[in-house]
Amino acid sequence: MSAKSRLGRRLIQLYVGLALYGASSALLVEAGLGLEPWNVLHQGLAELTGLTIGVVSIIVGAAVLLLWIPLRQRPGLGTVSNVFVVGIAMDGTLAAVPEARTLAVQIPLMLAGIVLNGVATGLYIAARFGPGPRDGLMTGLHKRTGRSIRLMRTAVEIAVVVTGFALGGTIGVGTLLYALSIGPLAQLFLRVFDVPSASDGSTVVATGQPRRAILPR
């Protein structure tokens, strides 16, 4: 594969992945059975402010990106794009998909949202344009404190879930199922969508980003 073709594929993967990530998050919102951790916070803030959850996601993403400065993290194209594309795609999908009112609709919607989230994660991380702002926060805290990525991720996500729930965000079976399944799903689709590197034909997941930190956003 030529360098130009590789770049084109990576750009397509990046933006399709981010758009699908926003769409998958919207499906979980519509299912109403529990959200992924950061969107529990986004939904709670949306309830508090009257803004859409997509707009709140953009604002929170931008605020988290500012925290990269003291942590000396370097954003990539994927990092900045993540802030805007995911929120826009989320609001667009929420406007297009009707509200689910019965479990017969909610459960398939929840499952579709989780699987699609895994696909989206594999696409945009394998594109290697930099981690999302929330992933970068965790890896930055890991580098600055010396604590494990797992500990930093757990601490940050417990904090955002508790805060979001207190503000009215939705926690439920979808939150638990997402937490249990997104790791294996993301790893599977990272292998599916890996782009061979230019130098030696090997595959690289995300420059400067450990595999343990791939869980989305």
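Buried here means under 20% relative accessible area. Keep that cut-off handy for the exercises below, which use a predicted model.

**Exercise 1.** Work out whether Tyr 21 and Tyr 124 are buried or exposed.

*Solution.* Start with Tyr 21: its relative accessibility is 1%, so it counts as buried. Now take Tyr 124, where the relative accessible area is 1%, and that residue is buried too.

**Exercise 2.** The structure has two aromatic pairs. Classify the one formed by Tyr 21 and Tyr 124, and say which helices it links.

*Solution.* First, look at the ring planes: they stand at 85°, with the ring centres 6.2 Å apart. Planes over 60 degrees apart count as edge-to-face, so that's the label for this pair. Next, place the partners: Tyr 21 sits in helix H1 (residues 3-31) and Tyr 124 in helix H6 (residues 103-126). They're 103 residues apart, so the pair ties together distant parts of the chain.

**Exercise 3.** Do the same for Phe 189 and Phe 193: how are the rings arranged, and where do the residues lie?

*Solution.* The ring centres are 6.2 Å apart and the planes meet at 20°. Under 30 degrees counts as stacked, so this pair is stacked. Both residues belong to helix H9 (residues 173-193), and because they're four residues apart, about one helical turn separates them. As for Phe 189, a relative accessible area of 15% makes it buried.

**Exercise 4.** Find which rings have the charged ends of Arg 10 and Arg 134 over them.

*Solution.* Arg 10 puts its charged end over the ring of Phe 129, 4.2 Å from the centre. For Arg 134, the ring is that of Trp 38, with the charged end 5.4 Å from its centre.

Definitions and conventions. Residues are numbered from 1 along each chain as its sequence is written. This is a predicted model: local features need pLDDT of at least 70, side-chain atom pairs count only at pLDDT 80 or more; totals for chains, interfaces and linings use all residues. Side-chain values use heavy atoms; hydrogens and water are left out. Rings of Phe, Tyr and Trp (its six-membered ring) pair if their centres lie within 6.5 Å; planes under 30 degrees apart count as stacked, over 60 as edge-to-face and the rest as tilted. Helices (H or I, at least four residues) and strands (E, at least two) are DSSP runs, numbered from the N terminus. Buried means under 20% relative accessible area, exposed over 50%, partly exposed in between (1.4 Å probe, protein chains only). A charge sits over a ring if NZ of Lys or CZ of Arg is within 6 Å of the ring centre and within 35 degrees of the ring normal.
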